[in-house]
Amino acid sequence: MHEHDVVVVGAGGAGLRAAIAAQEEGADVAIVSKLHPVRSHTGAAEGGINAALRDGDSWEDHAYDTMKGSDYLGDAPAVEALCKESPEEVIQLEHWGMPFSREEDGRVSQRPFGGLSFPRTTYAGAETGHQMLHTMYEQVVKRGITVYDEWHVMDLAVTDEEDPADRTCHGVVAYDIQRGEVDGFRASGGVILATGGMGQVFDHTTNAVANTGDGVAMAYRAGVPMEDMEFIQFHPTTLPSTGVLISEGVRGEGGILYNEKGERFMFEHGYANNDGELASRDVVSRAELTEVNEGRGIEDEYVHLDMRHLGEERILDRLENILHLAEDFEGADGLTEPMPVKPGQHYAMGGIETNEHGETAIDGLYAAGECACVSVHGGNRLGGNALPELIVFGKRAGHHAAGKEMGEPEIPTGKSGDWEPAEYEFEVAVGTVGDRGPAAADGGAVASDAEGLLEAEIERARERVEDLLARKGRNHAEIRSKVQKTMTANVNVFREEEGLKQSLSDLREAREAYTDVAVSDPSRTFNTDLIHTMETRNVLDIAEALTMGALARREFRGAHWRKERQERDDENWLKHTLVSWNDGEPELWYKPAILEGEAKTYEPKVRSY
Amino acid sequence: MSTQIPKQTEKADETAAETESEAPSKGDERRAEKRRRADEQRRQREAEEAERAAADENTVELRVFRYDPDVEGKQEPRFDTFHVPFTKGMTVLDALMYSRDTYDSSLTFRHSCRQAVCGSDAMFVNGGQKLACKTQIDELEEPIRVEPLPHAEVTKDLVVDLEHFYDQMEAVEPYFQTNEYPDGELEEQRQTRENREKIKMSTRCIWCSACMSSCNIAAGDNEYLGPAAINKAYRFAMDEREGEDVKQKRLEIIEQEHGVWRCQTQFSCTEVCPKDIPLTEHIQELKREAVKNNLKFW
Ligand SMILES: Cc1cc2nc3c(=O)[nH]c(=O)nc-3n(C[C@H](O)[C@H](O)[C@H](O)COP(=O)(O)OP(=O)(O)OC[C@H]3O[C@@H](n4cnc5c(N)ncnc54)[C@H](O)[C@@H]3O)c2cc1C
Ligand code: SF4
Ligand code: FES
């Protein structure tokens, strides 16, 4: 068993910043990650980091834009912390050597981004995330922080009290992918989950293959609620065969969307008569899908994004990286042919419920980054607001876990503040299927002390691995693919009652199938079959909670659209959705969004740009 | 084991001979049974696939290196053949994922981002170091041979041990160092556009290790820092935000016995780098800097 003060799970932007912060506070910290740090998906971010750095801009303006963008489902104390602290964090990155793009006077460059009232998106070419990830990993190397890479964390070691608020997290159990062994990591100060996105819940996503939402599912099973899971951002222009993102830049420069008949559908079919291709992400995504659903898609799957008319010179000058992306990942030449695009899952606004210090409802358990819901994005994330979230809240979680005094949080966790039960009746069963058996890995081990708890969890994890390797049964890939298909078909930018119910019952079947899952590769060495099989369990838990939230929320807010009620309903829905696992019987409940900030109270306004 | 596998290792698979061991445990038996089943399934699958390939013109044939020190029947390296239905835009990584998810879930390779930023899936494709996710199938000759990176220990199938590569990357003090920061609390260090442009390409490295694998010198001298680590040193040595004193230290590191002077400018690293980093040029420039630097002291 390994022992550290603070154990950080995940080594993307959030995990690395958390580890550095914990060490700054004097803690002995270790990072446990299923990927080597530089392989984390933070490296894929292109656009930039929002920070109010310049004269004429202010954190208050950034907070206002963020609240408005969130469709008034962000929590003001978190939003204000983000906007206040982002500038010093960005400057910190610069002091660590991050190669930002520069102005004539040598200062870091900023550019305009959708939904922002000031050009405050700080960037490093079209590779901001890559530079940020590598800069922080360099600091981790410099500080000699221990990294256990290619260790897949399987579950948390959390005590078993009836009420989650009384439970304590003492560490994690993980599987060493290279050597095929299970071991425990005890954390006396705290465990920080920073496991990133969950795009693999859908079959078409800009997220990495490793983004299976492991941390969210682990925390959920241990008793921490998932918050606002129904809020998923879809991006309208991703390449059909891989999900690689083609940035808004193409449409910004004048790129045009066509359907199979060669119609400029954004105008000709009246989706956005004023803004056309430049309408907001969700409007364009819905338009594209409507075209495909009504038989006007190309190969019944995608539409065309054409930039040929811009001319070779302009394309090479401003959109050169797009040419490479289309060619490398789709085999399409953007200079001589239109590029195929379709909507893809892009970002999860929801996640592990935390307060502004990164604390969850369980003592000793923290979360930060895309896996967490603090919540700064509410119903919809503004471009350039995820990267600052990683560094601001990664740092806060690291400091708190290392014992820094940070004052009373304003955001309640769990059922400690105002909350109300959901009245919604799901017609399909949710949660645990029958007798769970070790393959499913539910519930917690019982033990009196931390050490004993870890031992018991390690033993349970070993049994689970042995069982998965030994039993006969079906391959996880067909189950995962079934989940992804139904989510993409029914819980995408279009959400209607019938489809959502269909999804819930498909997920039930998938859960049943999973009780029969087995790993066919018998190897102890780099068994990715085993890892993917365990991830698929996490994908299942998340897909279910997400669909439950989407079914219950009958309104159109941010990225969540419901056919039955196509407008925002502030009277009934200015509140967060929470789903608790309840030892296998998922429960849906709500808590109010916090709109009173330090700067002001953010009164809901119509979100129009 | 090493990755230098001569072509003739492709051989018909034998049924895993059951070796009698004393009192095998229940788990061992089950696993052995599993292996037998897997072998049988593989033969069946290959037959089916070949049939399908004959019926359907539009498939691609992949010959994939297989090896697992841990599994009977895979301890002898071999090549497995997979037939994958071709779709426009398909990459080598897509074809591998298809093969794994459809035919053989034990087929093992690293991958994550699918967009050439995580650097996980450098491999040896038709005799060249490539990122699988960035290599279009229709640009390759068939059958497509997919092997692990040469000059590295093979862990399993297409996965190689990267520890040595990481050690070299971390040997050059790969982190920003300066003794001077601006006074203002929220003030950045200034950097000219020209200087940022100068280091730009060098900062694009994704640690895929393709360059290291392609380098003959690195193959012969295990302590050679290698192109990627030297490029990392270049990235800092040329950054004007670090002071002269730090640059001195950096030049000393890359000038050591297994540093820049080992490079014989064969350009193999530059040719394979998926991020188009002019590695050889960077190494040459550091050599010149080192000479200039020494002159100062003479
Ligand atoms: C294509 C793309 C472009 C984007 N562009 C922007 C942009 O311009 N601006 C912006 O603000 N945001 C952008 N975003 C969003 C932003 O990049 C992500 O939200 C953010 O990088 C997520 O960082 P993270 O640290 O939370 O997770 P990640 O970087 O995904 O890291 C997750 C880590 O957790 C580890 N992990 C996961 N599961 C386990 C487990 N079971 N055991 C051990 N370790 C585990 C992984 O190994 C990895 O190290 C973009 C996203 C995408 C996909
Ligand atoms: S220099 Fe190029 S080839 Fe070498 S590790 Fe970096 S990206 Fe890969
Ligand atoms: S999968 Fe990330 S570089 Fe190819």
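Student: Quick one to start: is Glu585(A) buried or exposed?
Tutor: Bearing in mind that this is a predicted model, Glu585(A) comes out as exposed, because its relative accessible area is 61% and the cut-off for exposed is over 50%.

Student: Okay, and where does Glu585(A) sit in chain A?
Tutor: Glu585(A) belongs to the loop that runs between strand β19 (575–580) and strand β20 (587–592) of chain A.

Student: Which residues gather with Glu585(A) in a patch on the surface?
Tutor: The patch is one of negative charge, and Glu585(A) shares it with Asp583(A) as well as with Asp160(A), Glu161(A), Glu162(A), Asp163(A) and Asp166(A).

Student: Changing topic, what does UniProt say about Arg281(A)?
Tutor: An unreviewed UniProt entry annotates Arg281(A) as "active site", and in the model this residue lies in helix α8 of chain A, which covers residues 281–293.

Student: And is Arg281(A) buried or exposed?
Tutor: Arg281(A) counts as buried, because its relative accessible area is 18% and buried means under 20%.

Student: What about His36(A), where is that found?
Tutor: His36(A) is found in the loop between β2 (29–33) and β3 (49–50) of chain A, and it is buried, with a relative accessible area of 3%.

Student: How far apart are His36(A) and Gly12(A) in space?
Tutor: Their C-alpha atoms are 9.4 Å apart, while in sequence the two residues are 24 residues apart.

Student: Last thing, which annotation covers residues 62–166 of chain B?
Tutor: The unreviewed UniProt entry gives "domain: Succinate dehydogenase/fumarate reductase N-terminal" for residues 62–166 of chain B; in the model that span is 14% helix and 29% strand, with its end C-alpha atoms 30 Å apart.

Note on methods. Residues are numbered from 1 along each chain as its sequence is written. Chains are lettered from A and ligands numbered from 1 in the order in which they are written. This is a predicted model: local features need pLDDT of at least 70, side-chain atom pairs count only at pLDDT 80 or more; totals for chains, interfaces and linings use all residues. Side-chain values use heavy atoms; hydrogens and water are left out. Patches are made of residues with over 30% relative accessible area and no salt bridge: like charges are joined within 9 Å, nonpolar side chains (Val, Leu, Ile, Met, Phe, Trp, Tyr) within 5 Å. Accessible areas come from the Shrake-Rupley method with a 1.4 Å probe; for residues, only the protein chains shown count as cover. A salt bridge is a side-chain nitrogen of Lys or Arg within 4 Å of a carboxyl oxygen of Asp or Glu. Lys and Arg count as positive and Asp and Glu as negative; His and the chain ends are not counted. The place of a charge is taken as NZ of Lys, CZ of Arg, CG of Asp or CD of Glu. Helices (H or I, at least four residues) and strands (E, at least two) are DSSP runs, numbered from the N terminus. Buried means under 20% relative accessible area, exposed over 50%, partly exposed in between (1.4 Å probe, protein chains only). UniProt positions are given in the numbering used here, feature names are shortened, and annotations may be inferred rather than shown by experiment.
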